[in-house]
Amino acid sequence: MNKSVYLDNNATTKVDEKVLEEMLPYLKGEYANPSSMYDFAMKPAKAIVEARARVRDFLGAKNENEVYFTSCGSESANMAIKGSLNCNKSKKHIITTKLEHPCVLNTYKEFEKQGYEVDYIGVNSEGQLDIEELKSKIKKETALVSVMYANNEIGIINPVEDIAEIVKEKSPEALMFVDGVQAGGKIPINVKDTKIDMLGVSGHKFHAPKGVGALYVKPSTHLTPFITGGHQERGLRAGTENVPYIVGMGKAAELAMDNMNYELTEVKRLRDKLETGILKNVFNARLNCSVAERVPNTTNIGFEYVEGELILLHLSDVGICASSG
């Protein structure tokens, strides 16, 4: 088989060599528990502080105390959703979209079983959120509005900053959670000057290892602890910190910021070139989400009369890794 061509970076990315290099000392000699009081623990503890500052900059947050480390994007979403709703049980209305990740949709299905009302906002043929429908659903009883920043299948970017403005204007007490997993590392994120209350990301989507994520929480937002126990993550997520992976995510965040211009220009150019070639040479191929703003690394093309899984199997036979959806 030919050398693999990996085109499935929305599923996961390869750990960057610079990320691995920065992680290694904390997998070997610097293995102390960062919560311990002796000198040997000081270097791992300091490394977490530095990684938190890097992720703060990556998310455009005001200070590092707004950043909480988790194990992945799914945990970040669960921590935000469950933690915020459990802090305000008097309001039982939630708004989200039909295109959210299963970690969000399945969490809301559980809340529906508990008596919550959930409105699932529709999208147009391009995958764009129906803003007018959103406006019509917001009410005084709305506790939480949840929208993904970028879709993992078609790459559509939702105007989350504008959506947060709409939410706060119509229901000031409602909270806004953004699933930023597919946006992190692909487009600039700046929560500082927005009305977004919570935003989650996952390290393995931008060349950190699998098993580490982060959640931005605005200081005015109250959450119940997601994991109870010790004092780690300021009491919201107990458990000994995963120092090597946190360090890796911090380095990956720094590299993503350094490479952002390349992502927005060269990666976009290559994506557009691929789309143009396929649409020109393949009969009855069509571009899904052709008008709306998209993250630069993602394309979604439909082929009439052919099953997506069959195409993926044929691509795999020649060493090309891709996904359907």
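Which residue forms a salt bridge with glutamate 30? The partner is lysine 43, and the closest N and O atoms of the two residues are 3.9 Å apart. The legends below describe close-up views of a predicted model.

**View 1. Salt bridge between glutamate 30 and lysine 43.** This pair links distant parts of the chain, with the two positions 13 residues apart in numbering terms of separation. Glutamate 30 belongs to the loop between α1 (17–23) and α2 (42–59), whereas lysine 43 lies in helix α2. Lysine 43 counts as partly exposed, at 44% relative accessibility. Across the model, the count comes to 20 salt bridges.

**View 2. Salt bridge between lysine 113 and glutamate 110 in helix α4.** The closest N and O atoms of lysine 113 and glutamate 110 are 3.3 Å apart. Because the two residues are 3 residues apart in helix α4 (residues 102–113), about one helical turn separates them. Lysine 113 has a relative accessibility of 67% and therefore counts as exposed. Glutamate 110, at 41% relative accessibility, counts as partly exposed.

**View 3. Salt bridge between lysine 135 and glutamate 132 in helix α5.** Here the closest N and O atoms are 3.6 Å apart. Both residues lie in helix α5 (residues 131–137), where a spacing of 3 residues corresponds to about one turn of the helix. Lysine 135 is partly exposed, its relative accessible area being 32%. Glutamate 132 has a relative accessible area of 55% and is therefore exposed.

**View 4. Network of salt bridges involving Arg271.** Salt bridges link Arg271 in a network with Lys268, Asp272, Glu275 and Arg294. In general, side chains of opposite charge can pair when their charged atoms come close.

**View 5. The largest nonpolar core.** This core has 51 residues. Tyr149, Met176, Leu199 and Met249 are the residues with the most contacts inside the core. Helix α7 (residues 243–258) contributes the largest share, 8 residues.

**View 6. Surroundings of methionine 176.** Neighbours within four places in sequence are left aside in this view. Methionine 176 is in contact with Leu144, Val145, Val147, Val160, Ile163, Ala164 and Val167, among others. Its further contacts include Lys168, Lys195, Ile196, Asp197 and Met198.

**View 7. A second, separate nonpolar core.** This core is made up of 22 residues. Among them are Ala77, Ala143, Leu144 and Leu223.

How values were computed. Residues numbered from 1 in each chain as written. Predicted model: local features only at pLDDT ≥ 70, side-chain atom pairs only at ≥ 80, totals over all residues. Heavy atoms only, no water. Salt bridge = Lys/Arg side-chain N within 4 Å of Asp/Glu carboxyl O. Helix = DSSP H or I, 4+ residues; strand = E, 2+ residues; numbered from the N terminus. Buried < 20%, exposed > 50% of the residue type's maximum accessible area, 1.4 Å probe, protein only. Core = buried A, V, L, I, M, F, W, Y, C linked by side-chain atoms within 4.5 Å. Contact = heavy atoms within 4.5 Å.
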